[in-house]
Amino acid sequence: MIHRYEKNGLNFVLDVNSGAVHVLDDVSYAVSGLIDEDMEETCPQQIAAALPQYDAQAVREAYDELYSLKQNGQLFAKDDYIDVSRYIPVGAPVKALCLHVAHDCNLRCKYCFASTGDFGQGRKIMPPEVAKKAIDFVVARSGARKNIEIDFFGGEPLMAWDTVTQAVDYARSLEKEHGKHFRFTITTNGLLLDADKQRYINENMDNVVLSLDGRPAVNDGMRKTVSGAGSYEVIVPKFKELVASRDPAKDYYVRGTFTSKNMDFAEDVVHIADEGFDRLSVEPVTADPGCGYDLTENDLAKIEAEYDRLTGIMLERRKAGKPFSFFHFMVDLDQGPCVVKRLRGCGAGYEYVAVTPDGDIYPCHQFVGKEEFKQGSVLDGSFDMDIARQFAGMNIYSRPKCQTCWAKFYCSGGCSAANYNMNHDMNNSYDLGCEMERKRLECAIYLKAAERICAD
């Protein structure tokens, strides 16, 4: 299977199964549209006759080059990932926790999937002892894995600051004895950031996610405080201070959401970058149809055009020496994710789980509150292996729509939660999400190629 597209004068052919990306001249690109995996049975003379606008010898040379790529496994490569059963983990070794230290929030974001912070379970804070039980759980379930990820999440995790600091201290105290290394991430809306919390985060958190939607009017239209006031003027100065004092070697990124209310979201990306944040993401909302800010198939053309516009902006800023990274345009064309990641994705439900303030275990933060997906409790160490096996068994081959999709090894079948929320079936891919992902990938690949051309 191959995927062909043209963007801004560059011709791309992607070989799906090998991951090879080819930038072709016009003749070769035209020939690539007239061949398939049975190239041995294709007559070059017939192709030349079908392309009278090009010199016949040039067409023949292009055909020979493409045939050579096929022989080298870089064009129409065979799918050799098909035996996915050997990649399904035995025993579901858990290596990452999303700790919901706060089912409460000091914002009332309109699009919040967590019911403004409590996930429909009532407002509460995780006691430190529950956090410690969760860490014991992941140490016990991680087997021989050394590296363990802990994400402090909410709601707003700064509302459970004592739990956060005690959990970090407790995890560090176990590392040497159990041969583990913990990596911590915290996601915050910034309202409660002060000098002490900023210093602690920069010293202890390997990654920090800062929530900001973009321009003041856009951010404040969706991200309001409990009193109904906007949040932009309070949080942006705090975010700037945190990033300015942060070790550049440590990760951070500013993460926003766009809705049908700001279809010109490239302006929000640029605004965030102009405020001094060079690692960012503004991602499409997943919302109930008809809510007033949801995205629909009718919006797709505008969304795709905006991704195209953002691509051009990013290229120009890189040329001007003012680059920034955009999460959804980040793609590794040299090696990419490992085979398991390509097949199965994020690992929710078997390698990665979420833990509520009550100690209940769910496959990920977006499944919290859906009782049919409750997997157990860190308080008694229970873990439903049937649910774990269900999630581990989902992959690009279990999802029918992925079979003919050129992007399947990049997105790994998409988000199970989004599929379930939009289609009530984790294996039924969310069509609008798929279309946007394919567009982002085309833009990302174009950016990589354009950068290399500019560098030559």
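Reader: What makes the pairing of Glu-435 with Arg-438 a salt bridge?

Author: This is a predicted model, and in it the closest N and O atoms of Glu-435 and Arg-438 are 3.3 Å apart. The cut-off for a lysine or arginine nitrogen and a carboxyl oxygen is 4 Å, so at 3.3 Å the pair counts. Both residues sit in helix H15 (residues 431-455), three residues apart, or about one turn of the helix. An α-helix has 3.6 residues a turn, so residues three or four places apart point the same way.

Reader: And is Glu-435 buried, exposed or partly exposed?

Author: Partly exposed: its relative accessible area is 29%. Buried needs under 20% and exposed needs over 50%, so Glu-435 lands in between.

Reader: How many salt bridges are there in total, and which residues are joined into one network?

Author: The structure holds 27. Salt bridges with shared partners link Lys-7, Asp-308 and Lys-439 into one network.

Reader: Where do Lys-374 and Asp-360 sit in the chain, and what qualifies them as a salt bridge?

Author: Their closest N and O atoms are 3.3 Å apart, which is within the 4 Å limit. This pair links distant parts of the chain: Lys-374 is in the loop between S14 and strand S15 (376-377), while Asp-360 is in strand S14, 14 residues away. As for accessibility, Lys-374 has 33% and is therefore partly exposed, whereas Asp-360 has 15% and so counts as buried.

Reader: What about Arg-389 and Asp-386, how far apart are their closest N and O atoms?

Author: They come to 2.9 Å, so this salt bridge passes the 4 Å test as well. Arg-389 and Asp-386 both belong to helix H12 (residues 385-392), three residues apart. Asp-386 is called exposed because its 54% is over the 50% mark.

Reader: How do you know how many disulfides there are?

Author: The count is zero. A disulfide needs two cysteine sulfurs within 2.5 Å. For Cys-112, the nearest cysteine sulfur is that of Cys-109, 6.2 Å away, so Cys-112 is in no disulfide. For Cys-364, the nearest is that of Cys-415, also at 6.2 Å, so Cys-364 fails the test too. Cys-112 is partly exposed at 28%, while Cys-364 is buried at 7%.

Reader: On to the sheets. What makes S12 and S16 the edge strands?

Author: The sheet has 11 strands in the order S12-S11-S10-S9-S8-S7-S4-S13-S14-S15-S16, with mixed pairing, and it is open. Strand S12 (325-326) and strand S16 (382-383) each pair on one side only.

Reader: How do you know that S9 and S10 pair?

Author: Two bridges are the minimum for a pair, and five join strand S9 (residues 207-211) to strand S10 (residues 251-258), so the two count as paired. They run parallel, and Ser-211 stands opposite Arg-255 in S10.

Reader: Which helix lies across S9?

Author: Helix H8 (residues 232-244) does, lying across S8, S9 and S10 at about 160 degrees to S9. Helix H4 (residues 128-141) lies across several strands, including strand S4 (96-100), to which it runs at about 170 degrees.

Reader: What is the pairing in the sheet of three strands?

Author: It is antiparallel, in the order S1-S2-S3, and the sheet is open. The edges are strand S1 (2-7) and strand S3 (21-24), and the twist averages 20 degrees from one strand to the next. S1 and strand S2 (residues 10-15) share six bridges, so they clear the minimum of two. Lys-7 has Leu-10 in S2 as its bridge partner.

Reader: Why is Ser-281 called buried or exposed, whichever applies?

Author: Buried, because its relative accessible area is 0%, under the 20% limit. Ser-281 lies in strand S11 (residues 279-284). Beyond its neighbours within four places in sequence, its contacts are Tyr-253, Val-254, Arg-255, Gly-256, Phe-326 and Phe-327.

Reader: Last one: how does the reach of helix H10 (residues 300-319) fit what is expected?

Author: From first C-alpha to last, the 20 residues reach 29 Å, close to the 28 Å expected at 1.5 Å a residue. Among the buried residues of H10 are Leu-300, Glu-306 and Arg-317. Just after H10, Gly-321 takes a positive phi of about 80 degrees.

Definitions and conventions:
Residues numbered from 1 in each chain as written. Predicted model: local features only at pLDDT ≥ 70, side-chain atom pairs only at ≥ 80, totals over all residues. Heavy atoms only, no water. Helix = DSSP H or I, 4+ residues; strand = E, 2+ residues; numbered from the N terminus. Contact = heavy atoms within 4.5 Å. Axes fitted to C-alpha atoms, helices over the stretch in contact; angles between N-to-C directions. Salt bridge = Lys/Arg side-chain N within 4 Å of Asp/Glu carboxyl O. Buried < 20%, exposed > 50% of the residue type's maximum accessible area, 1.4 Å probe, protein only. Expected span 1.5 Å × (residues − 1).
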